[in-house]
Amino acid sequence: MSAPLLVDRTDGVATVTMNRPDSLNSLDVALKVALRDTFLELAADRACRAVVLAGAGRAFCVGQDLREHLAALETKAPLDTVSEHYNPMVAALAALPVPVVAAVRGAAAGAGAGLAFLADFRIGGPSTSYLMAFARVGLAADTAVSWTLPRLIGHAKATELLLLAEPVRSDEAHRLGLLTRLLDSDDEVLPAAQELAARLAAGPTVAYAQIKRELFEGATGTLAEALAVELAAQTAAGGTADHREATNAFVAKRPPLFAGN
């Protein structure tokens, strides 16, 4: 049996591929656990400076494995998976201190869309589509969609997508901001995501982590709280070798060479 998750590390970029193509990378317990544990491992890996999240085959991820879920409905607590798997998986992905690029080839539905929305960048192609499928099966949103989607596209549009549960095709997704970049060919999606991740992996890693922190905490705080976070973030970034290198490079009129510290 193939591993449900594949991880390839190349030049500071970890490509994490959901590997259940026969089920369109639907999320069973094994895959959810593997994603959670891998995100935690990558957060602690100083050699990892960017992450690409992808799906094997013709889909990114269509969300919960409903065959497995149907069996779980016979138990007293079928949705314990939210607290046991989804929430820890989401928290680990959101806490990654490095840039995350989602290669959204094909369908991203339900929790699969939620994973894509947690990425810092989303690259798609003609076959890319999103579906907020939760209401179609009589469920509320999870995988942090209630938090990410309104911040990406606004409260009114998020309400529309979640309640009506209609597909969002690639061109509309790009217009709304659910795709950072829309390419002409599906075959270009993963290479373009890896190319962007490689560019980010060569950058000032600590500064990127602090920028992510500022955006995450600033989204819900007051101005005073945002200023306090910025002060702490600048203090952390300003003490790095990368900051000194970039400053020296600017004065010397040469490109900086970032070491990630």
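This dialogue reads a helix packing and two aromatic pairs in a predicted model.

Visitor: What are the ground rules?

Guide: The model is predicted: local features need pLDDT of at least 70, side-chain atom pairs count only at pLDDT 80 or more, and totals for chains, interfaces and linings use all residues. Residues are numbered from 1 along each chain as its sequence is written, and side-chain values use heavy atoms, without hydrogens and water.

Visitor: At what angle do helix H5 and helix H6 pack?

Guide: Two packed helices are described by the angle between their axes and the distance between the axes. Here H5 (residues 145-153) and H6 (residues 155-164) pack at about 125°, axes 7 Å apart. Helices are DSSP runs (H or I) of at least four residues, strands (E) of at least two, numbered from the N terminus. H5 and H6 are therefore oblique to each other; angles under 35 degrees are roughly parallel, over 145 roughly antiparallel, 65 to 115 roughly perpendicular, the rest oblique.

Visitor: How many aromatic pairs are there?

Guide: A pair of aromatic rings is described by the distance of the centres and the angle of the planes. The whole structure holds two aromatic pairs (centres within 6.5 Å; planes under 30 degrees apart stacked, over 60 edge-to-face, the rest tilted). Phe-117 and Tyr-130 have ring centres 5.1 Å apart and planes at 45°, so this pair is tilted. Both Phe-117 and Tyr-130 are buried (under 20% relative accessible area; exposed is over 50%, partly exposed in between; 1.4 Å probe, protein chains only). Trp-147 and Phe-216 have centres 5.3 Å apart and planes at 35°, so this pair is tilted.

Visitor: Is Trp-147 buried or exposed?

Guide: Trp-147 is partly exposed, at 31% relative accessibility.

Technical notes: Axes are lines fitted to C-alpha atoms, for helices over the stretch in contact, and angles run from 0 to 180 degrees between N-to-C directions. Rings of Phe, Tyr and Trp (its six-membered ring) pair if their centres lie within 6.5 Å; planes under 30 degrees apart count as stacked, over 60 as edge-to-face and the rest as tilted.
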